[in-house]
Structures are given as structure tokens and as C-alpha cells.
Amino acid sequence: MKLATWNINSLTVRLPQVLDWLAANPVDVLCLQELKLTDDKFPLDALQAVGYHSAVFGQKTYNGVAILSRAPMTEVERNITGFDDPQSRVIAATVETADGPLRVVNGYFVNGQEPGSDKFAYKMQWLDALNAQIKAQLAAYPRLVVLGDFNVAPEDRDSFDPDGLRDTIHHTVEERAHFRALLDLGLTDAFRMFEQPEKSFSWWDYRMLGFQKNRGLRIDHILVSDALKPLVKACTIDRAPRKNKQPSDHTPVMLEI
């Protein structure tokens with residue numbers, strides 16, 4: 001079984017790229033972030049035509065997340081229980097597999113803008129609420145995967161300039177502590193289960209030839225529960241879509257179990 005996450009940075013703009021990628025990479029589950037459209041504008045028919053069911057939590061202009069699955073989904077939940085949030089950032093669903101139900105949690109984590117800002121404070125509150133949500137999900141669904149755009153570079157090796165960017169957004173002690181807190185719940189960063197090339201990133205700034213110079217960050221992640229960890233066969237970053245004309249600034253991360 002293969003799963004993937006991709007911050008598409010406007011599905012309206014990049015639906016053809018998603019369809020092309022799915023044709024070349026027919027994953028079982030694809031989680032999308034930054035849809036930037038409302039539910040009624042979501043291309044359900046186009047995705048159904050290529051074999052995917054969709055669970056959607058959209059928002060006009062900003063945010064928005066969706067889970068695409070070849071198998072039907074049940075128990076769809078939107079947002080974080082008990083956390084009053086007008087932003088569409090989290091969607092969860094159960095996917096039936098040959099080995100039993102798999103719980104998929106797709107998140108577009110808060111960016112935070114800069115340490116000390118109101119947006120950073122919101123990010124800390126949001127991460128606290130998410131941690132409680134994931135803890136509850138793990139108790140209910142041992143076979144669980146959390147994937148999405150985390151907006152956190154967990155370690156120095158996940159940044160093209162760890163010293164120059166130290167204590168800036170994505171690199172702060174607080175953000176990294178929240179990432180470790182998720183792992184402490186009983187999750188594993190699937191990408192780091194394997195030897196990986198140095199300077200492996202999933203996001204590159206559009207400016208200053210960020211991709212061409214590999215000035216990137218690894219901020220898109222896939223975390224697997226202890227029950228799934230022994231089943232993980234591979235976790236890779238597909239750089240190819242970042243070479244597209246008018247690409248997203250993110251590229252897919254793929255998991256095989």
C-alpha cells in the first residue's frame with residue numbers, strides 16, 4: 001500500500017499536475033493541503049473519474065485539506081475536537097485495507113510567521129490541541145498515520161542553512177519540541193527510518209532560485225504509529241513535480257507499507 005502527502009498550493013491551479021502525478025504514481029491514498037477552494041468547488045468528478053474517493057475540508061482563498069483514497073472512507077472528522085478554529089487545517093478518515101482499518105490524519109499545520117508574533121502564539125496553541133487530538137486518535141485507532149505539511153524542520157539536517165536560520169520560523173526550539181511531543185505519543189518519522197541523501201528537502205522558495213540551488217527545507221512529513229512501523233518498506237521524496245511549469249513550492253512525500 002502506498003500513501004503520499006502533497007501541499008499543492010491551489011488545487012484550482014494545479015489539478016492537471018495532480019492528475020498527471022496520480023497517473024504516473026497510482027498511490028492508494030493522497031493527502032493534499034492548501035486547496036485554497038471551498039468544498040463546492042472541489043473537483044470531485046475529475047478525481048472520481050481516475051478512481052479516487054474524496055474527503056474534503058475546504059476554505060475560500062486559504063488553507064483547505066483533502067484525503068483522496070482508492071478505497072471508500074468512513075468516520076470522516078474535520079478540524080480538531082474542542083479547539084475553536086475558523087481555519088480548515090485537519091481532516092481524518094478511516095480507510096479499509098486488506099490488513100484492517102487504517103486511520104489517516106491529514107494536516108496543514110500553522111505556519112506561525114515569526115517567533116513572538118500573534119500567529120506564532122496561535123501555532124503553539126494549535127499544536128497543543130493537535131497533540132491531544134492525535135493522542136485520542138491513537139487510543140482509538142492503533143493503525144494510524146499522520147501526514148501533511150507540518151511547517152517544522154525537525155532537525156538541523158532538515159534545513160539548507162541550519163545555522164543562519166536558527167531560531168527563525170520552522171526552526172525554533174518550541175516548534176521542534178512540539179514535533180518531538182508528537183513522536184513521544186508513539187509515532188515515528190518514516191523518512192528517518194531509512195538512509196537518505198543529504199540535503200533532502202520537500203519545500204523550496206520560489207524566489208532566488210531556491211529549487212535550482214537546493215535551498216530547501218524538509219517540512220512535509222509522514223508519521224506512523226508503532227503498529228505500522230514494522231510494516232514500513234520505504235519513504236521517499238519525489239522531486240520531479242517541483243520541476244513542472246508553475247509548480248507548487250512543495251513536492252510529494254511517499255510512504256510504502
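1. A good place to begin reading this predicted model is a contact between a charge and a ring: the charged end of Arg-103 sits over the ring of Tyr-141, at 4.4 Å from the centre of that ring.

2. Arg-103 falls within strand β7, which covers residues 100-108 and runs parallel to strand β8, residues 144-149, with six bridges joining the two. Along this pairing, Gly-107 has Gly-148 of β8 standing opposite. Helix α3, made of residues 118-140, packs on the sheet that contains these strands, where it touches β5, β6 (90-97), β7, β8, β9 and β12 (220-225), and the direction of the helix makes about 175° with that of β7. Helix α4, residues 173-184, also packs on this sheet, touching β9 and β12, and its direction makes about 125° with that of β9.

3. The sheet as a whole is open and consists of six strands with mixed pairing, and a reader who wishes to trace it should follow the order β5-β6-β7-β8-β12-β9. At its edges stand β5 (73-78) and β9 (187-189), and because each of them has a single partner strand, one side of each is left without a neighbour in the sheet. On average, and with direction ignored, neighbouring strands here are turned by 20° against each other.

4. There is another open sheet of six strands, again with mixed pairing, and its order is β3-β4-β2-β1-β14-β13. The edge strands in this case are β3 (53-57) and β13 (234-237), each of which pairs on one side only, while the twist from one strand to the next averages 15°.

5. Within that sheet, strand β14 can be followed through its pairings with β1 and β13. Strand β1 (residues 2-7) pairs with β14 (residues 253-256) in the antiparallel sense over four bridges, and the bridge partner of Leu-3 in β14 is Leu-255. Strand β13 likewise runs antiparallel to β14, joined to that strand by four bridges, and here Ile-237 stands opposite Val-253.

6. The edge strand β13 deserves a second look, this time for its side chains. In a regular strand, side chains alternate between the two faces of the sheet. In β13, Cys-235 and Ile-237 lie on a covered face, whereas Ala-234 and Thr-236 lie on an uncovered one.

7. Why does Cys-235 form no disulfide with Cys-31? A disulfide is a covalent bond between the sulfur atoms of two cysteines. The cut-off used here asks for two cysteine sulfur atoms within 2.5 Å, but the closest cysteine sulfur to that of Cys-235 belongs to Cys-31 and is 13 Å away, which is too far for a bond. Seen from the other side, the cysteine sulfur closest to that of Cys-31 is the one in Cys-235, and the structure holds zero disulfides. Both residues are nevertheless buried, Cys-31 with a relative accessible area of 0% and Cys-235 with one of 2%.

8. The last point concerns aromatic rings. A pair of such rings is described by the distance of the centres and the angle of the planes. A search of the whole structure finds five aromatic pairs, including an edge-to-face pair between Trp-204 and Phe-211, whose centres are 4.9 Å apart and whose planes stand at 85°. Both Trp-204 and Phe-211 are buried. Elsewhere, ring pairs link Phe-109, Trp-126, Phe-150 and Phe-179 into a cluster.

Definitions and conventions
Residues numbered from 1 in each chain as written. Predicted model: local features only at pLDDT ≥ 70, side-chain atom pairs only at ≥ 80, totals over all residues. Heavy atoms only, no water. Buried < 20%, exposed > 50% of the residue type's maximum accessible area, 1.4 Å probe, protein only. Pairing = 2+ DSSP bridges. Axes fitted to C-alpha atoms, helices over the stretch in contact; angles between N-to-C directions. Phe/Tyr/Trp six-rings, centres within 6.5 Å; stacked < 30°, edge-to-face > 60°. Lys NZ or Arg CZ within 6 Å of the ring centre and 35° of its normal. Contact = heavy atoms within 4.5 Å.
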